[in-house]
Each structure stands twice: as C-alpha cells, then as structure tokens.
Amino acid sequence: MGGKQRDEDDEAYGKPVKYDPSFRGPIKNRSCTDVICCVLFLLFILGYIVVGIVAWLYGDPRQVLYPRNSTGAYCGMGENKDKPYLLYFNIFSCILSSNIISVAENGLQCPTPQVCVSSCPEDPWTVGKNEFSQTVGEVFYTKNRNFCLPGVPWNMTVITSLQQELCPSFLLPSAPALGRCFPWTNVTPPALPGITNDTTIQQGISLNARDISVKIFEDFAQSWYWILVALGVALVLSLLFILLLRLVAGPLVLVLILGVLGVLAYGIYYCWEEYRVLRDKGASISQLGFTTNLSAYQSVQETWLAALIVLAVLEAILLLMLIFLRQRIRIAIALLKEASKAVGQMMSTMFYPLVTFVLLLICIAYWAMTALYLATSGQPQYVLWASNISSPGCEKVPINTSCNPTAHLVNSSCPGLMCVFQGYSSKGLIQRSVFNLQIYGVLGLFWTLNWVLALGQCVLAGAFASFYWAFHKPQDIPTFPLISAFIRTLRYHTGSLAFGALILTLVQIARVILEYIDHKLRGVQNPVARCIMCCFKCCLWCLEKFIKFLNRNAYIMIAIYGKNFCVSAKNAFMLLMRNIVRVVVLDKVTDLLLFFGKLLVVGGVGVLSFFFFSGRIPGLGKDFKSPHLNYYWLPIMTSILGAYVIASGFFSVFGMCVDTLFLCFLEDLERNNGSLDRPYYMSKSLLKILGKKNEAPPDNKKRKK
C-alpha cells in the first residue's frame with residue numbers, strides 16, 4: 001500500500017528518467033536553444049550600445065568630474081589649464097547654510113564665489129581695515145594673492161571688491177582634495193559676520209576628511225603587502241578546506257550537528273532557569289500589560305516559557321531528523337566528498353569566479369559611465385542669485401532669471417549678486433528622453449548582471465557534470481572540461497541564459513519599484529497600508545529566491561542535456577520534487593558546512609590580522625614586524641572583507657559542484673540499475689551507502705560503447 005502511494009506521488013511530479021543507451025554525460029551534439037530570446041537579447045545589447053554612444057556624444061562628464069568656477073569655466077582645462085584647483089571665497093557658507101547632501105547634489109557648488117587657482121593658499125591672511133581704501137592691485141596682485149575673480153580691474157578699491165564679492169576677504173592655509181582647496185584641520189577662521197571664533201574647520205565633514213584621508217593613505221601604503229599576505233592566507237585556507245573535505249567531511253558534519261544540538265540544549269537550560277526565577281517572583285505578563293518597550297518583556301515568565309517551547313521543538317525536530325534521516329545525511333556527506341574530489345580533479349574551476357568578477361565589473365562600469373554621460377547630456381543653465389535679496393540695491397534685480405556666467409556683474413548695485421549654476425537644460429530630443437534612457441540602462445544593468453551569473457553557473461555545471469558521468473575517473477574526464485563547457489554554453493545556450501536572466505530581472509525591477517514607492521510614501525502611510533506593502537515586499541522576496549533556485553537547477557539541466565530553458569526548468573523541478581527529502585537534507589547540510597567554512601576562513605584571517613597589526617605577536621623579526629599605523633583596524637577590516645570575498649568565491653564554486661553532482665546522482669538512480677548494460681556512475685562510497693553494486697566493476701570491465 002505504501003509503495004503504491006509512493007508511485008502515485010512520483011507520477012504527480014513526472015515519470016522517472018528512462019534509460020538511454022546513447023547517453024554519455026553532457027550532450028555534445030546539440031542545437032541552439034531559445035533562439036527568439038537570444039535574438040531579443042542581442043538586439044537589446046545592441047540598443048544598450050547605441051544608448052552608450054548617444055550618451056557619449058551628448059554627455060559631458062567634465063561637469064561632474066572637474067570643478068567649475070563662478071563663471072562656469074572648468075579648472076585645469078582650456079584657459080584655466082594652469083589653474084587646476086578651485087578656491088571658495090567663504091567656505092563656511094557651505095557649512096552654515098547648506099547640508100552635505102544638497103552640496104553633493106549640486107556638484108560641490110556652494111553659495112559663495114569660486115575661482116580657479118594654480119595653488120592653494122599656504123598662509124593665513126585677513127584684509128586689514130587700513131587696506132580697504134587701497135586698490136586691488138596693491139593688496140592682491142602685487143603680493144602674489146591671485147585669488148580674485150577673473151577680470152577684476154587693478155585700480156578697483158578693495159572695499160568695493162569685497163562688497164561685490166569679487167575678491168576674498170580672508171585666506172586660510174589649504175590643501176587640494178578632489179580638485180578643491182580645503183582648509184587644514186584645527187584652523188580657526190577670522191572674526192567675520194555670521195561666523196564666531198568658536199567655529200572651527202572640524203564642523204565641516206569635508207574639511208576634516210582631508211586629514212583622515214591622508215592618514216588612511218599612509219596606513220595603506222605601509223600595510224598593503226601584509227594585506228596581500230592575509231588575502232593569500234584566505235585563499236590557501238579556502239582551497240585547503242574544500243580539498244580536505246574528502247577526508248574530514250563526515251566527522252566535521254557530525255561535530256557541527258552535535259554543536260547545534262548543544263547550543264539548543266544550552267538555550268533550553270538558560271530559558272528554563274530564567275523562567276523558574278521569574279515564576280518564583282510571580283512576574284507575569286498580566287502585571288506588565290501591553291507596552292511598546294520590548295525589553296520589558298524580558299522580565300516576565302511567559303516570554304522565557306515561549307522561548308523554551310520553541311527551542312525544545314527545534315531540538316526535538318533536529319534529533320528526529322538525525323535518527324530517521326541518518327541514511328540521507330550519509331548520502332549528503334558522500335556527495336560532499338565526491339564534490340571535493342571533483343574540484344581536486346579540475347582545479348581551474350576554483351578560479352573561474354575571477355572571470356565572472358571581471359565580466360560583472362565591465363557591466364557595472366559601462367552602466368555607470370553611460371548613466372554619468374546621460375545625466376550631463378544637457379547644456380548647463382545659470383541663474384542670478386544673491387545671498388540676501390532684501391539688501392539695498394537688490395529690490396529690482398530679477399533673481400532666478402537666466403544669466404551668462406562669462407558676463408561679469410561688476411557694476412551691479414546688489415551686493416553678492418552672482419550667476420550660479422542651476423542645472424541642465426531639458427530641451428532637445430535626447431534631453432527629453434534622458435529619463436527613459438536611464439530606465440533602459442537600469443534594465444540593461446540587471447539583465448546583463450544576471451546573464452553573467454547564469455553563464456558562470458551553466459559553465460561550472462557543464463564541467464562538473466562531465467566529471468560525474470565519466471565512467472572511469474579520471475581517465476574518461478575530458479581534457480579541458482571548463483573551456484569546453486564555456487564554449488558550448490556560449491555557442492548554443494545564450495538565449496536560454498538570457499531567458500532565465502530576464503525572468504529574474506523583471507522580479508528584481510519590481511522589487512526596486514516597490515522599495516521606491518515604500519520610501520516615497522513612508523511618511524503618509526497608515527498601518528494597514530504599511531502591512532500591505534510589507535506583504536507585497538515579502539512575496540516578491542520569496543518569488544526572487546524561488547526563481548534563483550529554479551534557474552540554478554535549470555542551468556544544470558541545460559548544461560547536461562542542451563534543452564531549452566522551460567523544459568530544463570520543468571525537468572529539474574520534477575526531479576527535485578520526486579526526491580524532496582534528499583533535497584532538503586543535502587541543502588541544509590551543505591549550508592551548515594559552507595557557513596562553518598566561511599566562519600573558519602574569515603575568523604582565522606581576522607584573528608591573525610588583529611594580533612599582527614595591533615603588534616600583539618611577540619618575537620617577530622625585523623622583517624616581520626608590524627608597521628606603525630594611525631588606524632590599525634583599517635587593514636584588519638580590509639583583510640576580513642577580502643577574506644570573505646575570496647571564501648565566497650571559492651565556496652560558490654563548491655556549492656555549484658554539489659548541486660550538479662546531486663542532480664546527476666538522482667538521475668543516475670532513475671536511469672540505471674547496476675546491471676551489466678546499465679551500471680551506476682556513482683562512486684563506490686555512494687553505492688555502499690545505498691546497498692547497491694555494479695555487476696561490472698569499473699576496474700575489471702569497461703562500459704560498452
């Protein structure tokens with residue numbers, strides 16, 4: 001009765017794979033799949049290139065990358081070729097009247113005159129009262145203070161130039177950063193209107209950043225080679241962990257499972273002790289009532305009782321799984337060992353993530369440059385602006401009207417009147433279509449990134465599948481399995497990868513739009529609307545995870561059989577559903593093992609870096625002495641981040657290997673029966689666990705051709 005029910009369940013998820021005498025692993029004689037999607041993808045890429053060309057023709061990133069003076073001219077280019085730095089007359093206006101976000105959005109433009117200079121001021125200076133009646137030439141030009149706006153007459157009085165903000169009233173010792181002159185730290189400005197003597201440069205984020213950036217640069221300059229050593233250690237640890245799994249996978253998984261059981265047991269004990277103490281005190285939730293202070297619930301017995309029940313249930317579930325699913329856990333361990341052997345036979349697969357990283361970097365760089373050029377495709381617009389429009393002489397000035405930045409407002413009666421940058425014009429076909437082109441670029445970014453990731457998964461799956469379906473290992477493994485899989489995937493399955501990547505892209509775009517709407521409406525939503533929004537976001541998140549899982553297994557089937565995306569996804573899903581318990585066990589065991597591996601690599605490198613860079617390892621020779629650093633945590637954090645990236649890259653390959661071998665193993669069980677004509681391809685350890693054997697041992701009799 002039970003067997004009949006099992007057969008009916010299997011039929012609901014498709015029939016088992018039938019034996020095919022011509023099957024010898026990844027199909028070599030295959031045809032192009034999902035041709036329509038391939039053509040659409042290539043046309044989209046062609047359009048993406050056209051968008052980049054249009055952006056390059058009409059855009060001008062100099063407006064963002066290079067500083068501009070008050071007249072709109074670029075510093076370090078054209079007539080200002082010898083003046084690469086920008087000087088702010090009163091940089092405190094950037095701090096006192098603006099926030100850092102608005103300043104960044106305006107390209108570091110501040111409501112103060114700016115001039116291109118050949119070098120930043122080195123000494124402090126303030127105009128004296130006795131100099132007000134002197135000329136600009138006497139006070140500025142003859143004393144090598146070439147910091148006035150271009151075109152200021154030699155014979156203009158200093159008081160007039162200051163009233164019209166044509167020359168600076170003070171100078172502070174500065175240093176260039178991002179092409180702009182930022183004052184040194186701990187410099188006190190002179191007493192000027194609106195600025196007290198208690199105001200220091202440290203109030204400006206960008207000002208203090210210069211000193212910090214110099215120290216950071218010095219630390220990297222002194223520790224970069226030791227950081228590379230730490231990253232090398234992370235690479236070696238990751239590789240050794242994967243290769244040694246064939247020897248220690250069983251004991252390691254057992255120790256990890258017992259460790260989880262021990263942690264849960266301690267949690268049960270701790271919750272019981274807290275519950276017993278609070279129960280004896282009579283602390284109940286009825287006395288506390290409802291409160292938004294969540295920490296208050298720690299002092300009531302019901303909280304610890306609920307936690308105790310949850311942990312006890314988890315402990316019981318894990319124990320039952322360990323007892324009744326021990327056979328499947330053994331299979332999972334054997335597959336992990338087999339994956340370690342596969343990686344050892346094809347070491348080049350461990351470095352394929354470098355190819356994926358380079359391709360991802362190209363996609364991101366192309367999108368960033370295209371977006372930058374599109375954002376600056378319009379002509380800059382300038383308007384009249386004054387710091388105080390109520391000042392005498394400013395009543396009749398048309399504020400916020402267009403102006404020419406090259407026409408100096410020398411004779412204006414309004415003090416502080418300037419022609420400032422407002423934005424970029426939206427006239428013209430290209431300028432009016434900038435938003436649509438940016439949307440096209442974002443879609444191109446997501447689609448190309450997902451396609452590159454899909455390419456890596458399919459290529460690795462093809463290489464590892466050739467390992468499993470090699471009857472005599474390693475003799476029957478192809479000579480260059482990774483290169484063969486790469487060429488085969490690009491030649492035949494670009495359309496299938498694009499299809500899967502497009503489905504995932506649409507879901508991710510929907511999530512981005514939902515996050516944008518949630519951000520915009522966050523202040524006006526009622527609780528019901530927020531609950532609905534959270535439900536939508538949760539559903540899309542789950543959908544994205546499911547599509548990633550389905551795509552990953554579909555790419556494995558594509559790499560093996562060369563069928564289109566829909567058929568491959570269906571076959572993979574049906575195969576996994578027919579073996580759902582094995583899928584869950586293998587997935588959780590692999591996740592636990594890889595999590596421990598990442599923890600081991602990152603934690604080991606982090607601890608080693610901490611003791612080395614903090615100078616806590618005694619007895620090191622002169623050549624291995626830790627450098628003197630301003631911030632010793634900086635190389636430590638860099639090493640930890642780099643170790644995590646390296647470990648993630650290596651373990652992603654290993655995870656793909658496990659998933660590929662697992663699907664091949666399931667198909668092997670359905671396709672073959674161990675007879676002379678249909679022997680199993682799995683390893684001897686898996687055959688032993690399953691209680692199966694081949695009638696024709698691989699060492700004595702070769703498979704019929």
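**Entry 1. Ground rules and overall make-up**

I take helices as DSSP runs of H or I with at least four residues, numbered from the N terminus. The model I am looking at is predicted. By that assignment I find 22 helices and eight strands in the protein chain. I note that 44% of its 705 residues count as buried. I also looked up contacts between residues at least 6 apart in sequence, and 72% of them join residues at least 24 apart. The chain exposes about 37800 Å², and carbon and sulfur atoms supply 65% of that area.

**Entry 2. Nonpolar patch**

I looked up L247 and found its place in helix 9. Its relative accessibility is 62%, so I log L247 as exposed. L247 belongs to a nonpolar surface patch of about 700 Å², made together with L235, V236, L240, L244, V248, F351 and L354. Which helix gives the patch its largest share? I find that helix 8 does, with three residues. Helix 8 (205-243) and helix 9 each supply at least two residues.

**Entry 3. Aromatic pairs**

I searched the whole structure for aromatic pairs and got 23. I took F41 and W447 as one case: their ring centres are 5.0 Å apart and their planes stand at 65°, so I record the pair as edge-to-face. This pair links distant parts of the chain, with F41 in helix 2 (residues 35-58) and W447 in helix 15 (residues 434-468), 406 residues apart. Both F41 and W447 are buried. For contrast in kind I took Y266 and Y269, with ring centres 6.5 Å apart and planes at 40°, so this pair is tilted. Planes over 60 degrees apart count as edge-to-face and those under 30 as stacked, which is why 40° gets the label in between.

Y266 and Y269 sit three residues apart in helix 9 (residues 245-281), so about one helical turn separates them. I recall that an α-helix has 3.6 residues a turn, so residues three or four places apart point the same way. Is Y266 buried or exposed? Its relative accessibility is 54%, so I count Y266 as exposed.

I also followed the ring pairs outward from F41 and W447. They link both residues with F44, Y48, Y366, Y440 and W451 into a cluster.

**Entry 4. Helices 20 and 21, and the loop between them**

I checked helix 20 for length. It has 34 residues and reaches 48 Å from first C-alpha to last, close to the 50 Å expected at 1.5 Å a residue. I did the same for helix 21 (residues 633-671): its 39 residues should span 57 Å, and the end C-alpha atoms are 56 Å apart, which agrees. Of these 39 residues, 28 are buried, so I note helix 21 as largely enclosed by the rest of the structure.

Between helix 20 (580-613) and helix 21 runs a loop that holds G615. Just after helix 20, G615 takes a positive phi of about 70°. I log G615 as partly exposed because its relative accessibility is 49%, and exposed requires over 50%. How far apart are the C-alpha atoms of G615 and H628? I find 8.8 Å, with their positions 13 residues apart along the chain.

**Entry 5. Two buried helix residues**

I looked at V343 in helix 12 (residues 326-345). Its relative accessible area is 0%, so V343 is buried. Leaving aside neighbours within four places in sequence, I find V343 in contact with I242, L243, M350, F464, F654 and C657. From V343 to A463 the C-alpha distance is 10.0 Å, and the two are 120 residues apart in sequence.

I then turned to S466 in helix 15. With a relative accessible area of 10%, S466 is buried. Not counting residues up to four places away in sequence, S466 touches P26, P478 and P481.

**Entry 6. Positive phi outside glycine**

I noted D34, which is not a glycine but has a positive phi of about 50°. D34 lies in the loop between helix 1 (2-12) and helix 2. At 18% relative accessibility I count D34 as buried, because the limit is under 20%.

Phi of N144 is also positive, near 60°, again in a residue other than glycine. N144 lies in the loop between helix 6 (136-141) and helix 7 (158-163). Its relative accessible area is 61%, so I log N144 as exposed.

How values were computed: Residues are numbered from 1 along each chain as its sequence is written. This is a predicted model: local features need pLDDT of at least 70, side-chain atom pairs count only at pLDDT 80 or more; totals for chains, interfaces and linings use all residues. Side-chain values use heavy atoms; hydrogens and water are left out. The expected span of a helix is 1.5 Å times one less than its number of residues. Buried means under 20% relative accessible area, exposed over 50%, partly exposed in between (1.4 Å probe, protein chains only). Rings of Phe, Tyr and Trp (its six-membered ring) pair if their centres lie within 6.5 Å; planes under 30 degrees apart count as stacked, over 60 as edge-to-face and the rest as tilted. Patches are made of residues with over 30% relative accessible area and no salt bridge: like charges are joined within 9 Å, nonpolar side chains (Val, Leu, Ile, Met, Phe, Trp, Tyr) within 5 Å. Accessible areas come from the Shrake-Rupley method with a 1.4 Å probe; for residues, only the protein chains shown count as cover. A salt bridge is a side-chain nitrogen of Lys or Arg within 4 Å of a carboxyl oxygen of Asp or Glu. Contact means heavy atoms within 4.5 Å.
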